[in-house]
Amino acid sequence: MASGDQNAIGVDIGGTKVAAGLVNPRGRILRTVRKPMVTQQGAELALQSVIDAIDELKDAMPTVRGIGISVPGWVDSRQGVLLSATNLPCWRDYPLAEQLKRHYKLPTQLANDANAAALAEAVWGAGEQYRDVFYVSLGTGVGTGMVLDRRLYSGRTGAAGEGGHTTIDYGGRKCGCGKRGCIEMYASGSAVAQRARELLSRHGAPKSRIPAMVDGDLASISAETVAKAALAGDELANELVQEAANYLAIWLGNMIDLLEPDVIVIGGGFGQAMANFFHHIRSRLGEWVINPRWQQIPLRTAMYGWESGLVGAAALCLPRSRLWIVLRKAAYGSD
């Protein structure tokens with residue numbers, strides 16, 4: 001097999017976009033493309049959105065060894081089935097991997113997006129030098145992935161790692177998952193943006209620069225808007241970001257006491273912005289962790305940023321990273 005045959009296509013599917021890329025065995029992204037994702041018009045049109053993105057890379061197909069897919073929500077990685085995802089109502093119990101395998105005649109793997117991102121960061125990214133990596137994606141929601149003893153931990157069927165839906169307040173805000181008080185309701189990008197919109201619409205904040213940053217359109221406030229305002233010294237924005245950081249400290253204290261990872265890697269769109277507030281998270285962590293050596297566990301920003309899921313999806317099919325995955329033989333007894 002020629003060296004070019006070692007490349008893989010990674011596809012990261014979200015509620016509004018499909019990102020596809022060609023990735024080489026060293027984790028380098030050779031080419032990427034983004035397409036709109038159609039989620040409200042049925043399973044077949046949704047599948048066509050993914051095919052349209054992959055087809056943009058079709059000239060590379062002769063040198064591709066496989067296709068990896070990352071999706072939000074619940075997946076059965078062994079069967080390649082997307083069980084359900086709030087942002088992808090078009091698919092439920094859908095054999096996504098098999099559909100793409102049949103279409104392209106290439107080996108195809110499926111994983112949860114945070115698990116895939118964790119794999120990318122552990123194999124080539126910010127967690128490369130560590131054996132135990134806890135990955136956190138702060139974006140629309142809070143996603144997590146775990147690489148333990150250089151193995152991607154995905155549970156019995158591939159559905160493990162839903163750390164964003166661990167409860168930190170049993171009487172707290174109702175989450176879209178049906179539970180109350182999930183960390184996602186307090187520290188995700190959407191939660192911070194929603195909190196800003198609520199406060200500004202109810203009470204106003206004459207001294208806040210947030211409304212001016214969105215030309216008065218409060219509905220367009222994003223978590224990134226709030227983070228930028230906080231860095232610029234906006235008092236309201238600073239309070240909101242520090243509030244999210246406080247909740248993250250509580251939650252990460254639990255994760256450290258449970259897993260004691262070598263490193264915590266934080267990615268996602270809002271995660272990149274929160275990197276400027278890691279010092280605040282660490283200043284509060286000591287109140288919420290009992291591990292006497294917690295200070296030896298660093299917080300790192302994801303190297304691949306928003307592309308972690310895409311690279312991790314490709315990694316599902318690449319030789320080096322295959323050694324990190326326990327989805328088949330070790331977990332199920334056969335290939």
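User: Why is Tyr186 called buried in this model?
Analyst: The model is a predicted one, and in it Tyr186 has a relative accessible area of 6%. The cut-off for buried is under 20%, so Tyr186 counts as buried.

User: What makes Tyr247 partly exposed?
Analyst: Its relative accessible area is 24%. Partly exposed covers the range between the 20% and 50% cut-offs, so Tyr247 belongs in that class.

User: How many aromatic pairs does a search of the whole structure find?
Analyst: There are three of them. One of these is formed by Phe134 and Trp251.

User: Why is the pair of Phe134 and Trp251 called tilted?
Analyst: Two checks are needed here. The ring centres are 5.9 Å apart, and a pair needs centres within 6.5 Å. The planes make an angle of 50 degrees, while stacked means under 30 and edge-to-face means over 60. The angle fits neither of those classes, so the pair is tilted.

User: What makes this a link between distant parts of the chain?
Analyst: Phe134 belongs to strand E8 (residues 133-138) and Trp251 to helix H8 (residues 235-259), with their positions 117 residues apart in the numbering.

User: How do you know whether Phe134 and Trp251 are buried or exposed?
Analyst: Compare each value with the under 20% cut-off for buried. Phe134 has 2% relative accessibility and Trp251 has 1%, so Phe134 is buried and Trp251 is buried as well.

User: Why do the rings of Tyr186 and Tyr247 form a tilted pair?
Analyst: Their centres are 4.5 Å apart, with the planes at 40 degrees. The distance is within 6.5 Å, and the angle is neither under 30 nor over 60 degrees, so tilted is the right word. This pair also links distant parts of the chain: Tyr186 is in helix H4 (residues 184-187) and Tyr247 in helix H8, 61 residues apart.

User: How do you know that the charged end of Arg34 is placed over the ring of Trp306?
Analyst: The distance from the charged end of Arg34 to the centre of the Trp306 ring is 4.8 Å. The limit for that distance is 6 Å, and the direction must also be within 35 degrees of the ring normal. Arg34 is listed as sitting over the ring.

User: What makes Lys17 a buried residue?
Analyst: Lys17 has a relative accessible area of 17%. That is under 20%, so this lysine counts as buried. You will find Lys17 in strand E2 (residues 17-23).

User: How do you know that Lys17 and Asp12 make a polar contact?
Analyst: Their side chains come to 3.0 Å, and the limit for such a contact is 3.5 Å. Asp12 is also among the residues that Lys17 touches, including Arg34 and Met37.

User: Why can the buried residues of helix H2 be placed on the same side?
Analyst: Start with the list: in H2 (residues 96-104) the buried residues are Leu96, Ala97, Leu100 and Tyr104. They span an arc of only 95 degrees around the axis, so they lie on the same side of H2. As background, residues three or four places apart in an α-helix point the same way.

User: Which elements do these buried residues of H2 pack against?
Analyst: Strand E1 (7-13), helix H1 (43-55), strand E4 (64-71) and strand E7 (108-112) are their partners.

User: What makes strand E4 largely enclosed?
Analyst: Seven of the eight residues of E4 are buried, so the rest of the structure largely encloses the strand.

User: How do you know that E4 pairs with E1 and with E7?
Analyst: Pairing takes at least two bridges. E1 and E4 have five, running parallel, and one of these matches Gly10 with Gly68. E4 and E7 are also joined by five bridges and run parallel; there, Ile67 has Thr108 as a bridge partner.

User: Why is E1 described as mostly covered?
Analyst: Count its residues: seven of seven are buried. Asn7, Ile9, Val11 and Ile13 point one way, Ala8, Gly10 and Asp12 the other. E1 also joins E2 through six antiparallel bridges, and a hairpin of three residues connects E1 to E2.

User: What makes helix H11 largely enclosed?
Analyst: Eight of the eight residues of H11 (residues 308-315) are buried, so the helix is largely enclosed by the rest of the structure. Among them are Ser308, Leu310 and Val311.

Technical notes. Residues are numbered from 1 along each chain as its sequence is written. This is a predicted model: local features need pLDDT of at least 70, side-chain atom pairs count only at pLDDT 80 or more; totals for chains, interfaces and linings use all residues. Side-chain values use heavy atoms; hydrogens and water are left out. Rings of Phe, Tyr and Trp (its six-membered ring) pair if their centres lie within 6.5 Å; planes under 30 degrees apart count as stacked, over 60 as edge-to-face and the rest as tilted. Helices (H or I, at least four residues) and strands (E, at least two) are DSSP runs, numbered from the N terminus. Buried means under 20% relative accessible area, exposed over 50%, partly exposed in between (1.4 Å probe, protein chains only). The arc is that of the directions from the helix axis to the C-beta atoms. Contact means heavy atoms within 4.5 Å. A polar contact is a pair of N or O atoms within 3.5 Å; within protein, one must be able to donate a hydrogen and the other to accept it, and residues adjacent in sequence count only if both atoms are side-chain atoms.
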